[in-house]
Amino acid sequence: MKGLIGYFLHSYTVSQRFFGPVAGVIIAVLILYSYKPNPVMSSYSATAVFLFIACAWLGLSFLNHEQAVQKQVVIVQLRSARRYSIGGLLTMVLLTLLLDVIIVMYPVLTGSFHEPAGLQRILLGLAGHALMGLLGITLSLYLQSSWVPRAGYAAGMMLILLILSISAGKVAEVVPGPVVSILLPPVYPVMDRMMNAETLPVSSVLGAYAHALAYILLLAGFYIYRSGRMDYNKTN
């Protein structure tokens, strides 16, 4: 699996498709912290949303960076489409965690907060950013070209999901019942708990994190299962 992840990292880097999402989130973070001082958890909540959007974009660019023939050759060599998909997913997780650490530690190292962040808030920030990034990644899994051949449709669906996920609090006021909390990625609950972590019990924050983790594992698990049954010879 290390060799496969190394191949994906090299292939994706050479394609240079990483530049847009990575540069976008870094610029957004730099702009946010250009004004000092900043509140700790409110700032982390904002940058976690930046990472969610960036990882959704990164996921699409990563999953679509290979040509169909190249993908088929790799799958034949691995003798497993499921192993190929797991390798790609792990590579995206690695990239997400790297961005997570950079974004969370940058304001700590540059003194951008109005007070010391403290270990607990840093850990909550690292976990929250990781979950938000992985939520973006898991959305992109189902909108890659192997699943949605038309790029315009995939981009439009992704944009709609991003907007609905971030504004789920307002959507829930219009749509009664548990529909919103069940169907939409739990971006809003994580964002809200992070923003109000100073006044909420830690158990409330961790509950939102657990909800997000369950959503990620469910989508990732179904994707791995389904990808092993797809015919990639028909990939566009």
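In this briefing a residue is called buried when its relative accessible area is under 20%, exposed when that area is over 50%, and partly exposed in between (1.4 Å probe, protein chains only). By that rule Glu 198 is partly exposed, because its relative accessible area is 47%. The structure is a predicted model, in which local features need pLDDT of at least 70 and side-chain atom pairs count only at pLDDT 80 or more, while totals for chains, interfaces and linings use all residues. Residues are numbered from 1 along each chain as its sequence is written, and side-chain values use heavy atoms, with hydrogens and water left out.

**Salt bridges**

- A salt bridge is counted when a side-chain nitrogen of Lys or Arg is within 4 Å of a carboxyl oxygen of Asp or Glu. Three salt bridges result from this rule.
- Side chains of opposite charge can pair when their charged atoms come close.
- Glu 198 and Arg 121 are joined through their side chains at 2.8 Å, N to O. This pair links distant parts of the chain, since Glu 198 is in the loop between helix 10 and helix 11 and Arg 121 is in helix 6, 77 residues apart.
- Arg 121 also forms a salt bridge with Glu 115, at 3.0 Å, N to O. Glu 115, Arg 121 and Glu 198 are thus linked in a network of salt bridges.
- Within this network, Arg 121 counts as buried because its relative accessibility is 15%, whereas Glu 115, at 34%, counts as partly exposed.
- A further salt bridge joins the side chains of Asp 192 and Arg 193, at 3.2 Å, N to O. Asp 192 is partly exposed, with a relative accessible area of 23%, and Arg 193 is likewise partly exposed, at 25%.

**Helix 10 and Met 194**

- Helices are DSSP runs (H or I, at least four residues), numbered from the N terminus. Helix 10 covers residues 187–195, and its buried residues include Val 187, Val 190, Met 191 and Met 194.
- These residues lie on the same side of helix 10, because they cover an arc of only 100° around the axis. The arc is that of the directions from the helix axis to the C-beta atoms.
- The buried residues of helix 10 pack against helix 3, helix 6 (118–141), helix 7 (151–166) and helix 11 (202–227).
- Met 194 belongs to helix 10 and is buried, with a relative accessible area of 0%.
- Contact means heavy atoms within 4.5 Å. Beyond its neighbours within four places in sequence, Met 194 is in contact with Met 41, Tyr 44, Ser 45, Ala 48, Leu 124, Gly 125, Gly 128, His 129 and Tyr 209.
- Met 194 and Gly 156 are 38 residues apart along the chain, and their C-alpha atoms are separated by 28 Å.

**Met 41 in helix 3**

- Met 41 lies in helix 3, which comprises residues 40–63. Met 41 is buried, its relative accessible area being 1%.
- Apart from neighbours within four places in sequence, Met 41 is in contact with Arg 121, Leu 124, Met 194, Met 195, Ala 197 and Glu 198.
- From Met 41 to Gly 88 the C-alpha to C-alpha distance is 31 Å, and the two are 47 residues apart in sequence.

**Nonpolar core and helix 6**

- A nonpolar core is a set of buried Ala, Val, Leu, Ile, Met, Phe, Trp, Tyr and Cys residues joined through side-chain atoms within 4.5 Å. The largest such core has 61 residues, of which Tyr 44, Met 132 and Leu 135 touch the most other members. Helix 3 gives the most to this core, with 14 residues.
- Not counting residues up to four places away in sequence, Leu 135 touches Phe 52, Pro 185, Pro 186, Val 187, Ala 212, Tyr 215 and Ile 216.
- Thr 138 is located in helix 6 and counts as buried, at 2% relative accessibility. Leaving aside neighbours within four places in sequence, Thr 138 is in contact with Ile 216, Leu 219 and Ala 220.

**Surface patch**

- Ile 26, Leu 30 and Tyr 106 form a nonpolar patch on the surface, with about 230 Å² of accessible area together.
- Patches are made of residues with over 30% relative accessible area and no salt bridge; like charges are joined within 9 Å, and nonpolar side chains (Val, Leu, Ile, Met, Phe, Trp, Tyr) within 5 Å. Accessible areas come from the Shrake-Rupley method with a 1.4 Å probe, and for residues only the protein chains shown count as cover.
- Ile 26 lies in helix 2 (residues 19–32) and counts as partly exposed, at 37% relative accessibility.

Terms used. Helices (H or I, at least four residues) and strands (E, at least two) are DSSP runs, numbered from the N terminus.
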